[in-house]
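Me: Got a minute to go through this one with me? I'd like the fold first, then the ligand.

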Amino acid sequence: MSKIKLTFPDDSVKEFDEGTTTLDVAKSISTSLGKKAVAGKLNDTLVDLERPIKQDAKIEIVTAEDSEDAQKVLRNTAALVFAAAAKSFKEDLHFGEKQANDDGFYVDTDSKSGQISVDQLKEISALMNKIIKNNDKIERSMMDKNGLEAMFKDDPYKSSLVSAIESVQIPVYTLDGFVDFGYDAVLTNLKALKHFELLSVAGAYWQGKSSNPMLQRIYATAFYKEDALKADLKRRAEIKERDHRTIGRDLDLFFVDPEVGAGLPYWMPNGATIRRVIERYIIDKEVAWGYQHVYTPILMNLNAYKTSGHWEHYREDMFPPMDMGDGEMLELRPMNCPSHIQIYNHHNRSYRDLPLRIAELGMMHRYEKSGALSGLQRVREMTLNDGHTFVALDQIQEEFKRTLQLMVEVYKDFDINDYTFRLSYRDPANTAKYFDDDEMWNKSQSMLKGAMDDLGLKYYEAEGEAAFYGPKLDVQTKTALGNEETLSTIQLDFMQPEKFQLTYVGADGQDHRPVMIHRGIVSTMERFIAYLIEIYKGAFPTWLAPKQVRIIPVNQKLHSDYANEVLAELRAKNIRAEVDDRDEKMGYKIRDSQTMKIPYTIVVGDDETKNATVSVRKYGEEDSESENAKMFVDSVVADIANYSRK
Ligand code: ATP
Ligand code: ZN
C-alpha cells in the first residue's frame, strides 16, 4: 500500500498508509485524542473524521476543546439533525441554504402546506432529541455529481445547490432515512449533541435576492457544554432587550415596512417627539458654537454631482437620476456637501468670513444594499446633522479641535461614554473609490493624525474607510447586535473646494482656496436615535422622553378635575404630560406607564386633591413619594433643563 506524508501544526511530518482517516491519525497519537477528536482539517479545510486521506497534506486534529472549528462541526451536525427532524415533521418541506458560524446556525426551509411557525419549533426540537437519543448513525458516502443531481431533480432548491458545487465527488450524509449534502464536516457520534436551541424564525429570500421567493429561515445554536449554551441564551435575551427595533415597536416609536419601501422609516408621534427634541437641541447648540443653519433642496442637478466627484466615486450608493424629459437630470442627494458649497459660493468670501460654518439637518438618500438595512441604524432615507466649515489652511488644526470639543460637550449631555476613535484612511490601491491624488491624501492624512496626537487622544487606524474625497476621524460605537457603527465623523477635504473652484480673498488681496471640514456631530437622526434607544434600553431621560409625566386619577369621577388642573400646570411649562382617563383599573394603568417607560407616573386621589399634592413614582422605582404639586412641576422643569439621566 502506498504511503502519504502528513505535516502536523508543529511542522513534524509522519508517514501513514494512503486512505488513513483523521480518526486513525488521532488514535495513533493517543487514545484520548482519538476520543476527543471531532473532525480533521486538511490543508486548512474542515473534513469529516472518517474521510480517507489520499494525498500528502497539512493536517490538524480538531477537538471538542478547540473553539470555532469544533463548534462549526457541532452546529453542522445540529443543522443536519434539525433538517431530518423537520422533514419527518412536515413531509413536503424543502431546504434552501444553510450555514453554521460562530453565532450559531440557520437553515432555510420552504413548504407549500404552510411555513414552520415559532410554536412548531418545540415539536421539532423534541423530534431532534429523539433522533439523538436513538443515537442514529450519520452515514457518510461519496456520490458523483450526476447521481446527486438525479436524486434531487424534483427539488428546485437542492438541484440548484448541487449544480453550483464544483467538485465531481460530493460527500452525502444519511440520517434516519434523510439524505443531505453541503456540510464540510459533521460529528460521527450524535452523543455530543446535547445542548442546542431552536431560536427563531424569520423570512429570507432564496439566495439573498429580493426577486426570489421568500423562504423561512430557522435560527438556532448548539454548544458542547450546557454552561456555554446558557450564557449564550442569556446574551441573546439581553440583546433582544436592547435591540432598538424591538423597543421601537414596543414603545411605538417608528416602523419600516418593506411593502411601502425598504429602509424608508416612518416616525410615529413618540419617535417624532424624540427626534424633534434632538433637532432643536443640536440646532441651538450649533448656533451657540457659531454655525449658521440653512435649508437646501434634496434634489439637485446631476451636473453638480459630476463636478463634485460623487458621480464618479459614489454612484453605487446613489439612487438613479431622474430624467425630466427636457434635458434636465435631477439627482436625490446622497450627501449635502455640494449644496453647502452653493451657499458658500453665493457670495464673494474674504478671509474675514472664515471659518465659515454652514449647517443643516439635511435629508439625504443612499441606495444601501437591502441586506445591510437594519431598523433605523442603516436606512435609505436619512437626515444628517451635517455641517461644513470652510477654513483657511492655517485654521484646520484649531477648527478640528473645536469640533471635537463640541462633540464631547454633546456626548456629555446624552451621557454617551462608550466609544472609540478611528482614523479612516483611503486604500491607495482602490483608485475607483478614492480620488486619485497621492500628495493630497498624504498631506490630509498626516494632518488629521497630527491633530489627534497633539490632543493626546487614543485612536486606531483603518485603511479603506475614508470618504472618497478625504480622510476622516470616525467615532465608533457598538450596536446591541455587536456591530461597530460610526456615529460622529469629522472629515478633511481639499478636493471639493478644488473641483468647485472655491476661493476667498486673503489679507494679501489675493485669491486663495479654502479647505472644507465636513462633520456630523450626532450623525443621522436615524442612526443616533437607534443608538440612544439601545443605550437607554428605551428608558429615555426626561428631557428626551416622548411622554414625560402620566397622571392617573384614583377615581375618574372624583379626581379628574384635579388631575386636569395638574396637567394644565405641567403643560404651561412645556412638559409633555397626559391624564390616563381610560376605563381601566389603577394597577393596570400604573403598570402600563412603567411599560411605556414614562419617567414620572403620578397618582392623584382624595388626599392629593385636598392638599394640592401629587403622589410621584419615578420610572424603575417601586415606591412613590408625596410631593407638593407646584414643587413637583419645578423639579421636572429642572430635570429637563439638566438633561438629567435619572
Ligand atoms: P457608513 O460607513 O456607516 O456607511 P459613511 O462613511 O458612508 O457611513 P458618511 O458619508 O460619513 O457615512 O455619513 C455621515 C454619517 O451618517 C455617518 O457617520 C453615519 O453616522 C451616518 N450614516 C451613514 N449612512 C447611514 C445610513 N445608511 N443610515 C443611517 N445613518 C447613516
Ligand atoms: Zn459633506
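Reply: Here is a quick run through the chain and its ligand. Keep in mind that this is a predicted model.

Me: How many helices and strands does the chain have?

Reply: There are 21 helices and 32 strands.

Me: And what does the C-alpha trace span along its principal axes?

Reply: About 90 × 80 × 55 Å.

Me: What share of the residues is buried?

Reply: Of the 646 residues in the chain, 50% are buried.

Me: What about the exposed area, how much of it comes from carbon and sulfur?

Reply: Carbon and sulfur atoms supply 47%. The total that the chain exposes is about 31400 Å².

Me: Contacts next. Of those between residues at least 6 apart in sequence, how many join residues at least 24 apart?

Reply: That share is 68%.

Me: Charges: how many of each, and how far apart are their mean positions?

Reply: The chain has 84 positive and 105 negative charges. Their mean positions lie 3 Å apart.

Me: On to the ligand. Which residues come nearest to ligand 1?

Reply: Arg-366, Glu-368, Lys-472, Thr-486 and Thr-524. They belong to a set of 17 residues around ligand 1.

Me: What does Arg-366 do there, atom-wise?

Reply: One of its polar side-chain atoms sits 2.8 Å from an oxygen atom of ligand 1. Gln-491 has a side-chain N or O atom 2.9 Å from a ligand 1 oxygen atom.

Me: Which ligand 1 atom pairs with the Thr-524 side chain?

Reply: A nitrogen atom, 2.8 Å from an N or O atom of that side chain.

Me: So how much of ligand 1 does the protein cover?

Reply: On its own, ligand 1 has 580 Å² of accessible area, and the protein covers 87% of that.

Technical notes:
Residues are numbered from 1 along each chain as its sequence is written. Chains are lettered from A and ligands numbered from 1 in the order in which they are written. This is a predicted model: local features need pLDDT of at least 70, side-chain atom pairs count only at pLDDT 80 or more; totals for chains, interfaces and linings use all residues. Side-chain values use heavy atoms; hydrogens and water are left out. Helices (H or I, at least four residues) and strands (E, at least two) are DSSP runs, numbered from the N terminus. Buried means under 20% relative accessible area, exposed over 50%, partly exposed in between (1.4 Å probe, protein chains only). Contact means heavy atoms within 4.5 Å. Accessible areas come from the Shrake-Rupley method with a 1.4 Å probe; for residues, only the protein chains shown count as cover. Lys and Arg count as positive and Asp and Glu as negative; His and the chain ends are not counted. The place of a charge is taken as NZ of Lys, CZ of Arg, CG of Asp or CD of Glu. A residue is near a molecule or strand if one of its heavy atoms lies within 4 Å of it. A polar contact is a pair of N or O atoms within 3.5 Å; within protein, one must be able to donate a hydrogen and the other to accept it, and residues adjacent in sequence count only if both atoms are side-chain atoms.
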